[in-house]
Amino acid sequence: MAPLSSVDDFVDLVKRNTLASVLCALVGFPLACFVLPIAAPLALVYYVLVQQNMVPSPLALQRQSAAKAAETKVEEEGKKAGSDTTPASGVKTESEGKAKAGASVVGKVAQRPQVESSVEGGRPLTGGVALLRRMREQKAAQAKRDNPDKKILVAYASQTGTAHEIAKVVHAQIAESCGSAKIPVLAAFNDVDIDTLRADKFPLVAFVAASTGDGDPPDNTASFYAKMLRKSDDEFKGVKYTCLGLGDSNYTRFMAVPRNMRKKFQSLGAENIYWDAEADEVDGLEETVDKWTEGAVKAVLKEYNALTNRSGGNVEAKGGKDSGFLGLPALLPRRVQFTWLSAKEGEGVKKGLRFSRDHVDGRGSYGPLAPYFAKVKSVKRVTPADYEKQIIHMELCLEGSNISYKPGDAFGVLPENSADLVGKILSYLGEDGSKCFTTSEQLNSIQTPCSIKDALSLHCDLTSPPKKTLLRMLAESCGEEKEKASLLEMISTAGKERYRKEILEGQPNLLDIFQAYPSCKPHAEDLIEFLPALAPREYSVSSASQVHTGEMHFAFSVVEYETVKGRVRHGVATTWLSKLAEEVEQGKTVRIPIFMRPSKEFQHPESISKPIIMIGPGTGVSPFRGFSHYRSFLQSRSKQDVGESWLFYGCRDRTKDFLYEEDFTELHEKSLLNHYEIAFSREQAEKVYVQHKMQDHQEKLGKLILEKEAYVFVCGDGLHMAKDVHKKLEDILCTSDAAMTPSSAKSYLQDMQKGGRYVRDIWS
Ligand SMILES: Cc1cc2nc3c(=O)[nH]c(=O)nc-3n(C[C@H](O)[C@H](O)[C@H](O)COP(=O)(O)O)c2cc1C
């Protein structure tokens, strides 16, 4: 603006500005009053919609119209190509293939949703409304792809981890083959809401199931199993499944859980889509597991794709195509992120802080994540120090723990790996064991922050023969190509025989693998994530709380054996416990982390009026010490008739490994244990076992079972003893006055089992 130099200049300026002001008021006032209040919110709404991708931005609209023009061009070119290259004879030729490719382009363009011609209620939607509708549909379709309604369930029933490991591989292969980690869901059965097993949620289920105890469901499946058995009608209708059963044919109830689950799946309307395989420990699991895994992944994907109109899923393409080895197990992706703490941050993380050693639960309920640290009150060595095997009796103090138990219950112990083995692994890896980490999610039972040494000592299984998925990770960690190739070959289809010999028979631990493949240097976090969890070990209680107040007793035999390769192996938990026993003998205070595993079936009957027959050689006699003391306690308080009690016990030699001799002799002398039969297997040339002692009393036993409705309890080795005893019971029923046929004896025993009158607690 020019400077004012006179009064005239000023008057002139006022006149001009008044005119401008009037003009502004005439145009601006209605604009401000009517147009802006409408336009501004509209503009704001449009801006928000663009930001939310609900409507396209002007730039996107411009791109769309360019794309449409390009597609129209492709359509025209496609039509042209089709008419140019399709031979009149219709013979399939290379050029016909090209023509078909052109036709499919045409088809695709023709099927594309037409923005301008959507129809709703017979009225075509045009312009922005149709566009908005289309954008919403695309967004919903994308969301569905990212998180589909229908998923594939990969479930496992696993007690010691084998079924879980297999399920992990199946899950990883499905995720890899279908290119989406969101489609398959991996879960233990107890974590599956049984009501979601429907065609609209989990139309496909691949499951791996094992049994424990005497044909019982594993802990991580027991509640699902019970719910499933209660279901009726066709609640699984529309669900398609395949199952891999794991079992051991030495057990009388071979494959009980997988067979029952399959049967129930079918009776609830589920349809089997692939071979229900059964892998038997006796023959080796590998071959069946590999075959089932390969076929099951293909079958499940094929069905899933058909159900959901998906395409793709190339199972053959993976599994080591690049490495040149066929049939490799999937290289499982890392799930957990590790954050390493500085030395200063890790200072507070001391050994022993894995769980609070002072943790006391008001209700006495403890678990693997929060155990009770029971003080070892005393130990007693049953076997002489120089004897080839060691049996130790241990007494724990439960005072103040609020733990209660019944004879027949078991309890879990959280063991530690050998300090020597952990030290050697750490120095091989060149790792500082005190380095601490936290993890992005819970990994097994590791409570973070945790040191590498604690993770390896307390949480990782370092001694079981490595599974193929672990070996795959170890192969990828080899610096030397030759060693990597050797490991990959061993776990590929071609290396089946080598795997059987070197791993299954050789039973190398982790350190043996490192020694055989010295360039294998995995990262500590890979090892911690990929090694199986160190499983708690279970022991039967050998005391009765009514008699041994505030205490819990148990006995164990220290496990030591030689592999076919001549390697001497020591059981992780029993070796650790025997070292603790030495410390107790030296006067040290020792505590061990425990939690109760109450037994549902292996319980002394409530009444003592019926006879009881107890059969338990070796440490299998433990629960019967508890039963017998409990029975004497009940007898001292009750006026009711008391049924006869029989105990069949077996050991090698009365001077070497006679467990609980004093207790049973005393109870027998006081007539609180009526019959006490002992098989000393090595005191004579011919081996004598408990079943032989049963044979000596077969007439009496037959009468007790058939006429007096006696209870029969068996505890101990499931591989031989339990089978032989079962057979003997069948013989007894056949030779009894009832003269049963073998098949009626079998079904009589089955009925006894169902009714809780024949109960077994057996292990391999
Ligand atoms: C204590 C114990 C009890 C078992 N009971 C049975 C059984 O009753 N029937 C059977 O077929 N297999 C039985 N087995 C074998 C398991 O089913 C088999 O070893 C399986 O591979 C274990 O799988 P997991 O590690 O997933 O639990 C038993 C194994 C153990 C250790």
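Okay, let's start right at the ligand: a backbone N or O atom of Met255 lies 2.7 Å from one of the ligand's oxygen atoms. Before I go on, keep in mind that this is a predicted model.

Let me stay with Met255 for a moment. Met255 isn't a glycine, and yet its phi is positive, at about 60°. Where does Met255 sit? You'll find Met255 in the loop between strand S6, residues 240-247, and helix H7, residues 256-267. So much for that residue.

Now the rest of the ligand's surroundings. How many residues surround the ligand? There are 23, and the closest are Ser158, Gln159, Thr160, Gly215 and Glu281. Two further backbone contacts go on my list. A polar backbone atom of Ser211 is 3.0 Å from an oxygen atom of the ligand. For Gly161, a backbone N or O atom lies 3.1 Å from a ligand oxygen.

Okay, on to the helices. I've got three pairs for you, and I'll take them along the chain.

Pair one is H9, residues 419-429, with H10, residues 452-459. These two pack at an angle of about 140°, and their axes are 10 Å apart. Why do we call H9 oblique to H10? Because of that angle: about 140° makes H9 oblique to H10. The crossing of H9 and H10 is right-handed. On the H9 side, the contact is made by Val422, Ile425 and Leu426, and H10 brings Ile452, Lys453, Leu456 and Ser457. Sort the residues of that contact by class and you get five nonpolar, one polar and one charged.

A quick detour while we're in this part of the chain. Have a look at the peptide bond from Thr448 to Pro449, which is cis, with omega near 0°. Pro449 is in the loop between strand S13, 436-439, and strand S14, 450-451.

Pair two is H12, residues 481-491, and H13, residues 496-505. Their axes come within 6 Å and cross at roughly 100°, and that makes H12 roughly perpendicular to H13. Who makes the contact? From H12 we have Ser486, Glu489, Met490 and Ile491, and from H13 Lys496, Arg498, Tyr499, Glu502 and Ile503. What about the classes here? The contact of H12 with H13 has four nonpolar, one polar and four charged residues.

And pair three: H21, residues 721-735, against H22, residues 742-754. The packing angle is about 120°, with the axes 9 Å apart, which makes H21 oblique to H22. H21 passes H22 in a right-handed crossing. H21 puts His726, Leu729, Glu730, Leu733 and Cys734 into the contact, while H22 supplies Pro742, Ala745, Lys746, Tyr748 and Leu749. By class, the residues of this contact divide into seven nonpolar, one polar and two charged.

If you open the structure afterwards, try Met255 as your way in, with its backbone atom 2.7 Å from a ligand oxygen and its positive phi. Then step along to the cis bond from Thr448 to Pro449. That's me done, thanks!

How values were computed
Residues are numbered from 1 along each chain as its sequence is written. This is a predicted model: local features need pLDDT of at least 70, side-chain atom pairs count only at pLDDT 80 or more; totals for chains, interfaces and linings use all residues. Side-chain values use heavy atoms; hydrogens and water are left out. Axes are lines fitted to C-alpha atoms, for helices over the stretch in contact, and angles run from 0 to 180 degrees between N-to-C directions. Helices (H or I, at least four residues) and strands (E, at least two) are DSSP runs, numbered from the N terminus. Angles under 35 degrees count as roughly parallel, over 145 as roughly antiparallel, 65 to 115 as roughly perpendicular and the rest as oblique. A crossing is left-handed if the near helix is turned anticlockwise from the far one by less than a right angle, and right-handed if clockwise. Contact means heavy atoms within 4.5 Å. Ala, Val, Leu, Ile, Met, Phe, Trp, Tyr, Cys and Pro count as nonpolar, Asp, Glu, Lys and Arg as charged, and the others, Gly among them, as polar. A residue is near a molecule or strand if one of its heavy atoms lies within 4 Å of it. A polar contact is a pair of N or O atoms within 3.5 Å; within protein, one must be able to donate a hydrogen and the other to accept it, and residues adjacent in sequence count only if both atoms are side-chain atoms.
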